[in-house]
Amino acid sequence: MNDMRHIISVLLENEPGALSRVVGLFSARGYNIESLTVAPTEDRSLSRMTIVTSGSDEIIEQITKHLNRLIEVVKLVDLTESAYTERELMLIKVRAVGKDREEMKRLSDIFRGRIIDVTDRTYTVELTGDGGKLDAFIDALDRAAILETVRTGASGISRGERVLKV
């Protein structure tokens, strides 16, 4: 069985309980959510949810069928079925003391990160990109230098003229 990573983008009614019903659908069937982002769209009555999950084509088909049956779900698309762009945001607080400060600054620049908070002992770096880029930044650091990490999970959008709208 070939489990592929899928990014499912869902337009749903922006109302209490909608998020928990989507998450409940996944947990009730034993499907894993790798990451989940959700926020209102330009239309305040709708939210856009991005779910990253893995599974065979059959499992993804089941997931999308079950999601489409939820009353709050207006429309959905599996972004990974065609060309798409994805980004994730990471905030990472690192130890930056003495000679390490310049190295942290240099590494941040190489990965096109921005240092958004500075103390005499730490830097907080903001980094945007696909998951691989963020993982590579972490791998380039000395693990002992990492104080705290926060990641949003993937957000994605179809490339070109293709849009997810009502």
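Is Asp 100 buried, partly exposed or exposed? With a relative accessibility of 36%, Asp 100 falls in the partly exposed class. We'll come back to this residue a couple of times, but let's get the whole chain in view. Keep in mind as you go that this is a predicted model.

The protein chain carries 4 helices and 9 strands. Walk along the chain from the N terminus and you meet the elements in the order β-α-β-β-α-β-β-α-β-β-α-β-β. Its C-alpha trace spans about 55 × 40 × 35 Å along the principal axes. Of the 166 residues, 40% are buried. If you take the contacts between residues at least 6 apart in sequence, 73% of them join residues at least 24 apart.

Now back to Asp 100, by way of the pocket. The largest pocket has a volume of about 160 Å³. Its lining is made up of Arg 95, Val 97, Asp 100, Glu 103, Met 104, Leu 107, Ala 140, Leu 141, Asp 142 and Ala 145. Sort that lining by class and you get 6 nonpolar residues, 4 charged ones and no polar ones. Helix α3, residues 100–110, supplies the largest share, with 4 residues.

One of the lining residues worth a stop is Leu 107, which sits in helix α3. What is its relative accessible area? The value for Leu 107 is 9%, so the residue is buried. Leaving out residues up to four places away in sequence, Leu 107 touches Phe 137, Ala 140 and Leu 141. Two of those names, Ala 140 and Leu 141, also appear in the pocket lining. Look at Leu 107 and Ala 140 in particular: they are 33 residues apart along the chain, and their C-alpha atoms are separated by 8.0 Å.

On to the charges. Searching the whole structure turns up 12 salt bridges. Asp 100 takes part in one of them, with Lys 99 as its partner and 3.5 Å between the closest N and O atoms. While Asp 100 is partly exposed at 36%, Lys 99 is exposed, with a relative accessibility of 72%.

A salt bridge with another setting joins Glu 72 and Arg 21, whose closest N and O atoms are 2.5 Å apart. This pair links distant parts of the chain: Glu 72 is in the loop between α2 (57–69) and β4 (73–78), Arg 21 is in helix α1 (residues 18–28), and their positions lie 51 residues apart in the numbering. Which of the two classes, buried or partly exposed, fits Glu 72? Glu 72 has a relative accessibility of 3%, and since the cut-off for buried is under 20%, Glu 72 counts as buried. Arg 21, at 37%, counts as partly exposed.

Then there is the salt bridge between the side chains of Arg 151 and Asp 135, at 2.8 Å from N to O. Arg 151 belongs to strand β8 (residues 146–151) and Asp 135 to helix α4 (residues 131–140), so this pair ties together parts that are 16 residues apart in sequence. Both ends are partly exposed: Arg 151 has 31% relative accessibility, and Asp 135 has 37%. There's a third member to add here, as salt bridges with shared partners join Glu 88, Asp 135 and Arg 151 into one network.

Another acidic side chain to look at is that of Glu 86, in strand β5 (residues 84–95). Glu 86 counts as buried because its relative accessibility is 12%. What polar contacts does the Glu 86 side chain make? One goes to the side chain of Arg 5, at 2.8 Å, and another to the side chain of Tyr 84, at 3.4 Å. Setting aside neighbours within four places in sequence, Glu 86 is in contact with Arg 5, Ile 7, Asp 130, Ala 154, Ser 155 and Gly 156.

Last stop: Thr 41, in the loop between β2 (35–40) and β3 (46–55). Thr 41 is buried, with a relative accessible area of 15%. A polar atom of its side chain lies 2.9 Å from the backbone oxygen of Asp 43. Beyond the neighbours within four places in sequence, Thr 41 is in contact with Leu 11, Leu 46, Ser 47 and Arg 48.

Conventions: Residues numbered from 1 in each chain as written. Predicted model: local features only at pLDDT ≥ 70, side-chain atom pairs only at ≥ 80, totals over all residues. Heavy atoms only, no water. 1 Å grid on protein atoms, 1.4 Å probe; cavity = no way out; pocket = protein on both sides within 12 Å on 5 of 7 lines; lining within 4 Å. Points joined across faces, edges and corners; volume = space filled by probe spheres on them. Helix = DSSP H or I, 4+ residues; strand = E, 2+ residues; numbered from the N terminus. Nonpolar A, V, L, I, M, F, W, Y, C, P; charged D, E, K, R; others polar. Buried < 20%, exposed > 50% of the residue type's maximum accessible area, 1.4 Å probe, protein only. Polar contact = N/O pair within 3.5 Å; in protein donor to acceptor, adjacent residues only side chain to side chain. Contact = heavy atoms within 4.5 Å. Salt bridge = Lys/Arg side-chain N within 4 Å of Asp/Glu carboxyl O.
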